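Open the model in your viewer and keep the selection tool at hand. This tour goes stop by stop.

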Amino acid sequence: MNKLRIIISGGGTGGHIFPAIAIADAIRSQEPAAEILFVGAQGRMEMDRVPQAGYPIEGLTISGLQRKFSWQNLLLPFKLLGSLLQAGRILTNFQPQLVIGTGGYASGPILAAAVAKGIPIAIQEQNAFAGLTNRLVAGRASRVYVAWEGMEKYFPAAKIRMTGNPVRQDIVQVAEALGDPLQADALRQKAAAALGLFPDKKTILVAGGSLGARTINEAVMGLGSQWAARQDVQWLWQCGKLHYNACAAADCARWPNMRLQPFIDRMDMAYALADLVVCRAGALTLAELALLGKAAILVPSPNVAEDHQTRNALAMTSHAAARMLRDEEVGTQLGEQLSELLSDGEARNAIAAAARTLGFPAAAREIAADIIALIQSRDRGSLDRSGVTTHTTDKRWN
């Protein structure tokens, strides 16, 4: 077999970028000589994060549709056409054997261009509600990798592989350590030292994402002063860079048991120390919580396409693997939920155990192995649209 040449496209948010990088790392682990090129959207976070992970990236001029009326929406057709032309040139120059899309603005043009050129594609859908781009191209995909049950309503059943969502290797390593009581205790000590906290206190991790979550922040700021007096509890609060000044001015920021940060660089250490997590319901976050077996109160963001975070959260709560508060409820009910779960260790442990059953520690490895097998099938024949190998002299997959 010739050296593997693969394009991976995913970006806009960490929920698309980190699974893409995890897949790339797993492919490189199994095929060290593989050539992997990322395609992202210019000006988005993948243009920094992907090179930091050690991979080259090309940027398309594509951008998303503004939800509110904006003159920028008038430029979208031109940006889309330009991105399709850019994607076509990238494919011609790189000559990939497969294109993988993990979601984000750039995935649509590069997947569409690949289909037009007869290049096989695969998609990885993180959410319980499939994104529009993935729904549109699924009929031409050789594989659809999913993380939730019931995805047959969006994708052809014969193409689906239930693999779970790939997560970063540092999170996988923490999950492995937490599975061993001796390693777990040592890791908790290490995490507390790294974060400047105490290893023997119950730790509440509040994380609204890198940009923060306004309603979650406001809910924390609205908690009563009785939380400041609790000697058995400590807080690690990632409020987001945009909200830091407002949160730092709040009374709770000066509690002796509160550690406020705009951004947590070592989320692996934060997770290792956390006894209870308050967070949004992004697909990657839920994959990490499940893999680690962490009890969580999920507050789905209402500001996402097709309310997919609520669907993600319901997929967890249907297995009793998390609690959920809607965005409009968190301000009035967060304190009560925290008190209940902190005082009821059995309930907290039951949620954590249920979450752990939904984890997929080998997701990246399984996707990588299947991708490699798909490419190797070219040496034996071609794939029809159902993903079944058919022996033929034509090397191109249908």
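How many of the 5 residues of strand E5 (residues 121-125) are buried? Select the strand and see. This is a predicted model. In E5, 5 of the 5 residues are buried, so the strand is largely enclosed by the rest of the structure.

**Stop 1: the side chains of E5**

Show side chains on residues 121-125 of E5. Ile121, Ile123 and Glu125 point one way. Ala122 and Gln124 point the other way. All of them are buried, Glu125 and Gln124 included. In a regular strand, side chains alternate between the two faces of the sheet.

**Stop 2: the neighbours of E5**

Add strand E4 (residues 98-103) to the selection. E4 and E5 pair in the parallel sense, over 3 bridges. Look for Ile100, which stands opposite Ala122 in E5. Val99 has Ile121 of E5 as its bridge partner.

Now follow the chain out of E4. It passes through helix H4 (residues 107-116) and arrives at E5. This β-α-β crossover is right-handed.

Next, select strand E6 (residues 143-146). E5 and E6 run parallel and are joined by 4 bridges. Glu125 finds its bridge partner in E6 at Val146. From E5 to E6 the chain crosses through helix H5 (residues 132-137), and this β-α-β crossover is right-handed.

**Stop 3: the whole sheet around E5**

Zoom out and colour by strand. Which order do the 7 strands of this open sheet follow? Reading across, the order is E3-E2-E1-E4-E5-E6-E7, with parallel pairing. Strand E3 (57-60) and strand E7 (160-162) are the edge strands, and each pairs on one side only. Neighbouring strands here are turned by 20 degrees against each other on average, direction ignored.

**Stop 4: the other open sheet**

Move on to the open sheet of 6 strands, ordered E10-E9-E8-E11-E12-E13. Its pairing is parallel. Which strands stand at its edges? They are strand E10 (258-261) and strand E13 (323-324). Each has a single partner strand, so one side of each is left without a neighbour in the sheet.

Inside this sheet, select strand E11 (residues 276-279) and strand E12 (residues 296-298). They run parallel, joined by 3 bridges. Val277 has Ala296 in E12 as its bridge partner. Then click Cys279: it counts as buried, at 2% relative accessibility.

Helix H11 (residues 283-292) holds Leu289. Leu289 is buried, with a relative accessible area of 1%. Draw a distance from its C-alpha atom to that of Ala352: the two are separated by 8.5 Å, though 63 residues apart along the chain.

**Stop 5: aromatic rings**

Select Phe, Tyr and Trp side chains. The structure holds 5 aromatic pairs. Why is the pair of Tyr154 and Phe155 edge-to-face? The ring centres are 6.4 Å apart and the planes stand at 65 degrees, so the pair is edge-to-face. Planes over 60 degrees apart put a pair in that class. Tyr154 and Phe155 are both buried. Add Phe129: ring pairs link Phe129, Tyr154 and Phe155 into a cluster.

Now go to Trp227 and Trp235, an edge-to-face pair at 5.6 Å centre to centre, with 75 degrees between the planes. Trp227 is buried, with a relative accessible area of 2%. Trp235 counts as buried too, at 0%.

**Stop 6: charges over rings**

Two selections show a charged residue over a ring. Pick Arg168 and Phe18: Arg168 lies over the face of Phe18, 4.6 Å from the ring centre. Then pick Lys241 and Phe263: Lys241 lies over the face of Phe263, 5.7 Å from the ring centre.

**Stop 7: cysteines**

Finish with the cysteine sulfurs. How many disulfides are there? The count is 0. Select Cys239, which is in no disulfide. Its nearest cysteine sulfur, that of Cys247, is 4.2 Å away. The cut-off for a disulfide is 2.5 Å between the sulfur atoms. Cys239 is buried, with a relative accessible area of 0%.

Note on methods
Residues numbered from 1 in each chain as written. Predicted model: local features only at pLDDT ≥ 70, side-chain atom pairs only at ≥ 80, totals over all residues. Heavy atoms only, no water. Phe/Tyr/Trp six-rings, centres within 6.5 Å; stacked < 30°, edge-to-face > 60°. Buried < 20%, exposed > 50% of the residue type's maximum accessible area, 1.4 Å probe, protein only. Lys NZ or Arg CZ within 6 Å of the ring centre and 35° of its normal. Helix = DSSP H or I, 4+ residues; strand = E, 2+ residues; numbered from the N terminus. Pairing = 2+ DSSP bridges. Right-handed = clockwise from strand over helix to strand, strands pointing away. Axes fitted to C-alpha atoms, helices over the stretch in contact; angles between N-to-C directions.
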